[in-house]
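Please read this briefing with the sequence and the structure side by side. It begins with the contacts of one residue and then moves on to the surrounding elements, topic by topic.

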Amino acid sequence: MVRDAAGRARALSRPAYLLKVLRGPNARQQKRLCLERAVIGSGEGAHFQLTDPTVSAMHCELLVDETGIRVRDLGAKNGVLVDGRRSRETWLQPVDELTVGGSVIRFQVLDEAEEEVLDAETSMGRLWGRSIRMRQLFADLRRAARSDANLLLLGETGTGKELAAEAVVAESARARMPLVILDCAGLQSSLAESALFGHEKGAFTGAVASQPGIFERARDGTVFLDEVGELPLDLQPKLLGALERRSIQRLGGRAPIALQARVIAATRRDLAVDVNRGVFRADLYYRLSGLEIRLPPLRDHAEDIPELIARCLKELPGSPRLTPDVLHRLGGGDYPGNVRQLLHAVEGAALGLESAPAPSRQATIDLTLPFRIQKDRFVASFERDYLMTLMEATQGKISEAARTSGISRVHLYQLLRKAGLE
């Protein structure tokens, strides 16, 4: 991590790594990568693409964070072996061996790294956060705003995908043009094609008048396809065709209409897994993900919770105050619904609803994940919670916090930086 003169994180340092095929149809093929997420597969969108017919389109992914690099199976038909052992998700050693289909790949961390500059701001549109994870997101979103490529936003429910789309549009060259939103999850299958492309009068029973679709209504602006992962399978090739041709045609119409709008799509689904399951087209995924940004779940930037609560209360009518006990319960709760659930909990608490304070954080066991990964996650969660409570109790005074906790000042600084609590 790179810091400025005031000690504030300015950039993340990401390790580079080398992938080399040892055995298989692509033997001796190698590639240096330095990405937060890299896909290994046979599909055209894979960062390390193999021609091995036993390898799935998006076989597995490598994920890099401050704790190391891990590999995750994306639901491939024959799984992933790490050093000869089958694994759904596991941390990699500095030198390790991956088996994907009939190919064996050597993974090796290189003695070099690249810097990713963090955003200097703590907000973008209606998104907010001082944490390193959110400032990393803002930097990614601002880069996307400067581009005109299709953008795919991935993230759990409640992470703010629609707010991210709005923020990108607001800072783009299309800011003064229409933003038209379509909720793909709420589409009736019989009306889905008309919603996308429009229809002419008499095109089907009930079509009493001509109606433009979202692409026409957006004109030179932006189309936001929310929950695109829910798009019916039979409609996916039609959307793909429109994006490839850059033109649409109304139902019952004959004249093509130029597609001028930029497309931003979002989903809570894991589309890479859906591609391997055959419920989402690989070619449509590649077409939508010219740029791909993942929004972090709240648990990955829990240090933002206290100020998110404060900002929510300030925006409520009358700027209500909550008791320290309620604030403590809200600040230490589990929020599987992410920021949206947190804000609803704060609003409920302000209204005096008994169910408003979030439940205490509890460790949940997921037997589909390896022991080591869950242990690391629980330890990281405990450390972050402990440090937040410690720094709040000592009012941010490092010397007092070190004495209270029995942790040396140097080690305490290291733990705070690791947790993003600067």
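Leaving aside its neighbours within four places in sequence, Tyr285 is in contact with Arg37, Met58, Leu152, Leu271, Val275, Phe280 and Glu292. The model described here is predicted, and its chain has an average pLDDT of 88, with 91% of the residues scoring at least 70.

**Nonpolar cores**

- Tyr285 belongs to the largest nonpolar core, which has 39 residues, and Tyr285 is listed among those with the most contacts inside it, together with Met58, Leu196, Ile214, Phe215, Leu225 and Leu288.
- A second core, separate from that one, has 21 residues, including Ala38, Val55, Leu92 and Ile105.

**The five-stranded sheet**

- Five strands form an open sheet with parallel pairing, and their order across the sheet is β16-β19-β22-β15-β23.
- At the edges stand β16, which covers residues 179-183, and β23, which covers residues 291-294, and each of these strands pairs on one side only.
- On average, and with direction ignored, neighbouring strands of this sheet are turned by 15° against each other.
- In general, the strands of a sheet pair through backbone hydrogen bonds, and the pairing may be either parallel or antiparallel.

**Strand β22 and its partners**

- Strand β22, residues 262-267, runs parallel to β15 and is joined to it by four bridges.
- Within this pairing, Leu153 has Ala266 of β22 as its bridge partner, while the bridge partner of Leu154 in the same strand, β22, is Thr267.
- The pairing of β22 with β19 is likewise in the parallel sense and extends over four bridges, and here Phe224 stands opposite Ile264 of β22.
- Because six of the six residues of β22 are buried, this strand is largely enclosed by the rest of the structure.
- The cover extends to both faces of β22, since Arg262, Ile264 and Ala266 are buried on one side, and Val263, Ala265 and Thr267 are buried on the other.

**Helix α2 and Glu162**

- Helix α2, made up of residues 161-170, lies across β15, β16, β19 (222-226) and β22, and its direction is at about 160° to that of β22.
- Glu162 is a residue of helix α2, and with a relative accessibility of 33% Glu162 counts as partly exposed.
- When neighbours within four places in sequence are left aside, the contacts of Glu162 are Ile181, Phe224 and Asp226.
- Glu162 and Ile181 are 19 residues apart in sequence, and their C-alpha atoms are 9.1 Å apart in space.

**Asn150 in its loop**

- Asn150 is found in the loop that runs between α1 (132-145) and β15 (151-154).
- Is Asn150 buried or exposed? Asn150 is buried, because its relative accessible area is 13%, and buried means under 20%.
- Apart from its neighbours within four places in sequence, Asn150 is in contact with Val263, Arg287, Leu288, Ser289, Gly290 and Leu291.
- For Arg287, a polar atom of the Asn150 side chain lies 3.1 Å from the backbone oxygen.
- Two of these contacts of Asn150 are Val263 and Leu288; Val263 is one of the buried residues of β22, and Leu288 is among the residues with the most contacts inside the largest nonpolar core.

**Where confidence is low**

- Over residues 354-360 the pLDDT stays under 50, and for this stretch the model has 17 contacts beyond four places in sequence.

How values were computed. Residues numbered from 1 in each chain as written. Predicted model: local features only at pLDDT ≥ 70, side-chain atom pairs only at ≥ 80, totals over all residues. Heavy atoms only, no water. Helix = DSSP H or I, 4+ residues; strand = E, 2+ residues; numbered from the N terminus. Buried < 20%, exposed > 50% of the residue type's maximum accessible area, 1.4 Å probe, protein only. Polar contact = N/O pair within 3.5 Å; in protein donor to acceptor, adjacent residues only side chain to side chain. Contact = heavy atoms within 4.5 Å. Pairing = 2+ DSSP bridges. Axes fitted to C-alpha atoms, helices over the stretch in contact; angles between N-to-C directions. Core = buried A, V, L, I, M, F, W, Y, C linked by side-chain atoms within 4.5 Å. pLDDT = per-residue confidence, 0-100.
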